[in-house]
Each structure stands twice: as structure tokens, then as C-alpha cells.
Amino acid sequence: MAHFAELDENNIVLRVIVVADEHEADGENWCNNFAGGRWKQTSYNNNIRYNYASIAYHYAADADAFYAPQPHPSWSLDSAYIWQPPTPYPDDGKHYIWDEANLEWLVIAE
């Protein structure tokens with residue numbers, strides 16, 4: 001089975017559908033003929049286009065990549081199209097949430 005993401009006019013993912021293997025080779029056209037719209041294949045295993053597309057994800061046509069919406073204004077997109085915080089997540093076994101106002105991780109559970 002192959003997965004295809006429908007894109008709106010701003011390259012935002014509207015939905016992701018599963019297509020039978022027999023249609024994978026020409027899947028983008030098959031999806032267009034079946035449901036209309038504009039489609040790009042996505043990989044559940046992240047084998048193509050960097051990340052598996054989900055609803056509200058962005059598609060960067062220049063990089064041929066899917067990526068999630070930006071979680072916080074201070075975070076930046078890395079070369080693998082994954083959002084990274086300005087301070088790395090602590091690696092001490094505790095659980096944290098991001099505090100955007102202070103640009104730091106706050107402990108929520110030890």
C-alpha cells in the first residue's frame with residue numbers, strides 16, 4: 001500500500017489516503033482522477049520527502065519535503081525538516097514541557 005497526501009493551494013496537507021500497490025507507480029495522477037485535487041506521495045517509513053505527511057503539515061516544493069507546523073515561534077527547521085528548540089531537550093530521564101516565554105524547558109515529572 002502507498003500513501004498520498006492531498007495539498008491545498010498553499011501546500012498544506014488536507015488529507016492522506018491509502019492507495020493500492022497497483023496504482024502506486026502513477027499514484028499522484030490516479031488520486032487526481034479518483035478524487036480531484038493535487039497529490040504527493042508520502043512514506044509511512046519516511047523513505048521519501050523526509051517525513052510522513054499528516055493533516056496540516058506543510059509541503060516545501062523547493063526541497064520536496066513534508067514537515068509539521070511550527071510548534072513554537074522560537075523553534076527552527078533543521079536539515080531533516082524537523083523542528084528544533086533553541087535549547088536541546090534535556091537528557092536526564094525527567095519529563096519537560098517547553099516554556100516559550102522564557103525559552104527553556106520546565107520539569108513536569110521526575
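**Entry 1: the core**

I take a nonpolar core to be a set of buried Ala, Val, Leu, Ile, Met, Phe, Trp, Tyr and Cys residues joined through side-chain atoms within 4.5 Å. I note at the outset that I am working with a predicted model. With that definition in hand I looked up the largest nonpolar core, and I found that it holds 9 residues, namely Ala60, Ala65, Tyr67, Trp75, Tyr81, Trp83, Tyr96, Trp98 and Trp105. I then asked which strands supply at least two residues of this core each, and I can name strand E5 (65-67) and strand E8 (95-99).

From the core I picked Tyr81 and listed its contacts, leaving aside residues up to four places away in sequence; Tyr81 touches Tyr50, Asn51, Ala63, Ala65, Phe66 and Tyr67. Of these, Ala65 and Tyr67 are also listed as members of the core.

**Entry 2: salt bridges**

I searched the whole structure for salt bridges and recorded 4. One of them joins the side chains of Glu6 and Arg15, with 2.6 Å from N to O. I checked how covered the two partners are: Glu6 is buried at a relative accessible area of 11%, whereas Arg15 is partly exposed at 33%.

Next I turned to Arg49, which sits in the loop between E3 and E4. Its side chain meets that of Glu28 in a salt bridge of 3.7 Å, N to O. This pair links distant parts of the chain, since Glu28 belongs to helix H1 (residues 27-35) and Arg49 to the loop between strand E3 (38-42) and strand E4 (58-60), 21 residues apart. Arg49 also forms a salt bridge with Asp64, and here the closest N and O atoms are 2.5 Å apart. Asp64 lies in the loop between E4 and E5 and Arg49 in the loop between E3 and E4, so this pair ties together parts that are 15 residues apart in sequence.

Is Arg49 buried or exposed? I read a relative accessibility of 14% for Arg49 and count it as buried, because the cut-off for buried is under 20%. Its two partners are partly exposed, Glu28 at 30% and Asp64 at 31%. I also noted that Glu28, Lys40, Arg49 and Asp64 are linked in a network of salt bridges.

**Entry 3: around Arg49**

I listed the contacts of Arg49, again without residues up to four places away in sequence, and found Glu28, Lys40, Gln41, Tyr59, Asp64, Ala65 and Phe66. Tyr81 is not in that list, but I looked up its separation from Arg49 as well: the two are 32 residues apart in sequence and 9.3 Å apart in space, C-alpha to C-alpha.

**Entry 4: strand E3**

I went on to strand E3, where 4 of the 5 residues are buried, so that the strand is largely enclosed by the rest of the structure. Strand E1 (residues 2-7) pairs with E3 in the antiparallel sense, and I recorded 5 bridges between them. Within this pairing I noted that Ala5 stands opposite Lys40 in E3, and Lys40 is one of the residues in the salt-bridge network.

**Entry 5: a surface patch**

Last, I looked for nonpolar side chains at the surface. Which residues make the nonpolar surface patch of about 260 Å²? I found Ile97, Leu106 and Ile108. Ile97 lies in strand E8, and I count it as partly exposed because its relative accessible area is 43%. Strand E8 therefore appears twice in my notes, as a supplier of at least two core residues and as the strand that holds Ile97.

Notes: Residues numbered from 1 in each chain as written. Predicted model: local features only at pLDDT ≥ 70, side-chain atom pairs only at ≥ 80, totals over all residues. Heavy atoms only, no water. Buried < 20%, exposed > 50% of the residue type's maximum accessible area, 1.4 Å probe, protein only. Contact = heavy atoms within 4.5 Å. Patch = residues over 30% accessible without salt bridge, like charges linked within 9 Å, V, L, I, M, F, W, Y side chains within 5 Å. Areas by Shrake-Rupley, 256 points an atom, 1.4 Å probe, with all protein chains shown as cover. Pairing = 2+ DSSP bridges.
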